[in-house]
Each structure stands twice: as structure tokens, then as C-alpha cells.
Amino acid sequence: MKLRVRPLLRCLAALVICAAPVGCSAPALSTATSAAPSPPTRGTLHAALTSPVDATLTWADGSDRGAAGHAVEFATSPGGPYTLLQYVPAAQHSYHHPRLMPQTPFYYRLRPYYGPASSAVEVDLPPGGLSAKDKQDDNVWARPRTVRSGRAPATGSLRVPGAGTPTGLRATAVRANGIRFTWTDHASDEQGWLLELRTRGSGAYRVVAVLAPDINSFGLSTLPDEKHASYRVRAFYYGTRSNTAHVTTGKAPDGS
């Protein structure tokens, strides 16, 4: 099953604002945890409230050396289910989770991910937005697919340094705000694929889509500020989860 991150992130943003629709448990009548942030030790995740309804996570680079980044997840009960908040790059060691549900426990954990990225491709889309035809489009062109070539590519385990790097990334402008990507899959044991984007002038790539294993074609509907950007794909697998960090939010500014 494919999971497109762009709608996912928007959904997550809604979750951050109202948090209730994600299977949250009933609000606990506890007071806000006020533990002061302490310097993180190697590989340890810490969570602290920076307001009654805002949490900040911090962690140190250490045990996850070689990771391409971390998946930040949260739940409202210690056993989950956990929900993805964001994939963050390896150089990032904090995450701010704002406007949480008042008087509710929140549990956090990190999942490091590893794997090689393809060479990047630069894309310049034509000006303009959706045409009348585009608005009637059922987005068939964008559906994740596995495209078979006449000759099976060589594959290798991502756990072997230098093996499994995707090649041949191509980007085709389908419309003024749509790009179809195709690439060659050389990984034999990936847990999925990440499509990463870096807009002109920005410093780092960010994940804009998460795809299932064996996918090698996918279409992305871009945002207005993504007309000129660099893209790459990454085959990935998850490492060992971090410890679980916990906070309990306090009352909202309106007293709820």
C-alpha cells in the first residue's frame, strides 16, 4: 500500500491542532509535566513541555551514526498506536510539537532510517496553476506503480555499504503543478522509498512522499513554491527505535 506524504502531512497538521481524531485516549486529569529540558545523552530522546500545550523533543547524535534521518512518532498511550509526525534529516536534533490536546498524555519515539539516495534531478515547471482539464483529472498519472523493464536490474542489500543505490531518476512535467518520477530499483530488501525535495535556495532536502517497497514510478502534485526544485529518491530501512519519552499537557490558554 502506498502512502503519499503530502496529504499525510496536512492530515498530521490537523492532528496537531485538534489531536482528537487519531485514536486519542480520553483526556487524563493530570497537571502539566514541568520537567526542565536536560542535555540529551547519546541516542536518548527527551521530551519537555515548553508551554502547557506545546512539547519539544531533543536528542543527540550518537548511536544512530550513519542514519539518513529519523521518523518522529507520537501516541497518546504508551502502547500506541503511534502516528508519524515527520521525517527529519540526520542533522536535526529537535522537534517542536505545538498546540496539543490539553490535559492529555503524549508519548514520543524516534525511528532512525538508513539507505542510499539517488542522484538529484532539477525540475523547472511552467508558470501557472491547474487548468480546467487538470481540475477534472482523476490523477491516474500520479498513482504509484512498479514499472518492469526488459532486463531485470542488479540488486543488493541496503545493509551492505554501497549497494542498492537507485539510479536513472527521471522527472517528467505532466502539468504546471505535476511531476511524474521514474527510477531503477537496485535494492533487494528496502522497507520503502522516500521522495525528497529541496527548493531553490533552501539548504536541505525534506521528505515529501513515502512509498511502498518495489515502487519505481510516482507522480507528485507540487505546491506553488515548488516550481523550481531538486528531487531525489531514497531506498530505506528502519533501525532500532529509541526510548519512549513522555509528557502530559496542562490546561489550554482558555482554561479548558
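## A three-stranded sheet

Two strands count as paired if DSSP finds at least two bridges between them. In this predicted model, six bridges join β8 to strand β9 (residues 178–184), and the two strands run antiparallel. One of the residue pairs involved is A171 with F181, the latter being the bridge partner in β9.

Strands β8 and β9 belong to an open sheet of three strands, in the order β8-β9-β12, with antiparallel pairing. The edges are taken by β8 (167–175) and β12 (217–221), each with a single partner strand, so one side of each has no neighbour in the sheet. On average, neighbouring strands of this sheet are turned by 20 degrees against each other, direction ignored. Strands of a sheet pair through backbone hydrogen bonds, which may be parallel or antiparallel in arrangement.

## Salt bridges around E73

The whole structure holds eight salt bridges. One of them is formed by the side chains of E73 and R109, at 2.6 Å from N to O. This pair links distant parts of the chain, since E73 is in strand β3 (residues 69–75) and R109 in strand β6 (residues 105–114), 36 residues apart. E73 has a relative accessible area of 7% and is therefore buried, the limit being under 20%. R109 also counts as buried, at 15% relative accessibility.

E73 has a further salt-bridge partner in R111, with the closest N and O atoms 3.6 Å apart. Here too the pair links distant parts of the chain: R111 is in strand β6 and E73 in strand β3, 38 residues apart. Both R111 and E73 are buried.

## A salt bridge between β11 and a loop

R206 forms a salt bridge with E226, and the closest N and O atoms of this pair are 3.1 Å apart. R206 lies in strand β11 (residues 206–211) and E226 in the loop between β12 and β13, so the salt bridge ties together parts that are 20 residues apart in sequence.

Is each partner buried or partly exposed? R206 is partly exposed, with a relative accessible area of 37%, whereas E226 counts as buried at 0% relative accessibility. Elsewhere, salt bridges that share partners join E73, R109 and R111 into one network.

## Aromatic pairs

A search of the whole structure finds eight aromatic pairs. One of them is Y87 with Y113: the ring centres are 5.4 Å apart and the planes stand at 80 degrees, so this pair is edge-to-face. Y87 is in strand β4 (residues 83–89) and Y113 in strand β6, 26 residues apart, and the pair thus links distant parts of the chain. Y87 counts as buried at 9% relative accessibility, and Y113 counts as buried at 3%.

The rings of F181 and Y231 make another aromatic pair, with centres 4.9 Å apart and planes at 50 degrees, so the pair is tilted. F181 lies in strand β9 and Y231 in strand β13, so the contact between their rings ties together parts that are 50 residues apart in sequence. Both F181 and Y231 are buried. F181 is also the residue that serves as bridge partner of A171.

Y87 and Y113 are part of an aromatic cluster, which they form with F236 and Y238.

## The surroundings of S230

S230 is placed in strand β13 (residues 228–238). With a relative accessible area of 2%, S230 is buried.

Which side chains make polar contacts with the side chain of S230? One is the side chain of E122, at 3.2 Å. Another is the side chain of Y205, joined to S230 by a polar contact of 2.6 Å. Leaving aside residues up to four places away in sequence, S230 touches A120, V121, E122, E196, L197, R198 and Y205. The two polar partners, E122 and Y205, are among these contacts.

Methods:
Residues numbered from 1 in each chain as written. Predicted model: local features only at pLDDT ≥ 70, side-chain atom pairs only at ≥ 80, totals over all residues. Heavy atoms only, no water. Helix = DSSP H or I, 4+ residues; strand = E, 2+ residues; numbered from the N terminus. Buried < 20%, exposed > 50% of the residue type's maximum accessible area, 1.4 Å probe, protein only. Polar contact = N/O pair within 3.5 Å; in protein donor to acceptor, adjacent residues only side chain to side chain. Contact = heavy atoms within 4.5 Å. Axes fitted to C-alpha atoms, helices over the stretch in contact; angles between N-to-C directions. Salt bridge = Lys/Arg side-chain N within 4 Å of Asp/Glu carboxyl O. Phe/Tyr/Trp six-rings, centres within 6.5 Å; stacked < 30°, edge-to-face > 60°.
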